[in-house]
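Reader: Mind walking me through the labels on this one? I'd like to see how each term is earned.

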Amino acid sequence: MAKKPASSVTTAPAAKSTSQAPIVSSAHLVSPRSSEMSEFEFGLIVAGNAFHRWITHCMSAAGLKDFTPLDVLVLHHVTHRARNKRLADICFIMNVEDTHLINYALKKLQNLGVVESSKNGKDVTYSSTETGRGFVVRYREIRESCLIDALNADDGLNRDIGELARLLRLLSGIYDQAARSAASL
């Protein structure tokens, strides 16, 4: 078997600060200007999937089984600050464009008796029921026991987590702007 000449061998771009190739999910997307962005996106994919798996298992342990990650997040948001929420507000805060996805989750949560709706003028608002708040309290107890205790965070780690949260919010705005740009092409 003949060897390919060295000039025709295609390699992934090298990481900027190390001799090790970046860990990415799609090598064909790695930019020579920012291999770090591809590494971040892979980390986001893996972390996002792990987070979704975690919240569904935590809610299941709290007593609500067969929830999707969106169901869990909607229940938490509806419970947030004990204020009634409109569908549009829930979508806006959660950065979900497809209102039917949130509406479907709300209907499921209502059918389970953990969320209720009420009419306020022309607006329909949603709030968690006492039963729903009970499941959220149990979720929090499990979260403290399984996640927060395992994290064993110190002041330095908590500062890093806070900085990471700030960067994620910043990047979400950049991704939203890029999506608007791509939609206009």
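**Thr-79 and two pockets**

Author: Sure, and keep in mind that this is a predicted model. Let's start with Thr-79, which sits in helix H2, residues 69-79.

Reader: Why is Thr-79 called buried?

Author: Its relative accessible area is 18%. Buried means under 20%, so Thr-79 gets the label.

Reader: What makes the Thr-79 and Ser-128 side chains a polar contact?

Author: They come to 3.3 Å, and the cut-off for a pair of N or O atoms is within 3.5 Å, with one able to donate a hydrogen and the other to accept it. That pair therefore counts. Leaving out residues up to four places away in sequence, Thr-79 touches Ser-128, Arg-133 and Val-136.

Reader: On to the pockets. Which residues lie nearest the centre of the largest one?

Author: Leu-44, Gly-48, Phe-51, His-52 and Leu-168, out of 26 lining residues. The volume of that pocket is about 1200 Å³, and H6 supplies the largest share of the lining, nine residues. By class, the lining holds 17 nonpolar, six polar and three charged residues.

Reader: And what makes up the lining of the second largest pocket?

Author: Phe-51, Ile-55, Leu-73, His-76, His-77, His-80, Tyr-139 and Arg-143. H1, H2 and H5 each give two or more of the lining residues, with H2 giving the most, three. This pocket has a volume of about 270 Å³.

Reader: How do you know that one residue of that lining is charged?

Author: Asp, Glu, Lys and Arg count as charged, and the lining includes Arg-143, so that is the charged one. The others divide into four nonpolar and three polar.

Methods
Residues are numbered from 1 along each chain as its sequence is written. This is a predicted model: local features need pLDDT of at least 70, side-chain atom pairs count only at pLDDT 80 or more; totals for chains, interfaces and linings use all residues. Side-chain values use heavy atoms; hydrogens and water are left out. Helices (H or I, at least four residues) and strands (E, at least two) are DSSP runs, numbered from the N terminus. Buried means under 20% relative accessible area, exposed over 50%, partly exposed in between (1.4 Å probe, protein chains only). Contact means heavy atoms within 4.5 Å. On a 1 Å grid over the protein atoms alone, a cavity is a set of points where a 1.4 Å probe fits but cannot get out, and a pocket is an open set with protein on both sides within 12 Å along at least five of seven lines; lining residues have an atom within 4 Å of a point. Grid points are joined across faces, edges and corners, and a volume is the space filled by probe spheres set on the points.
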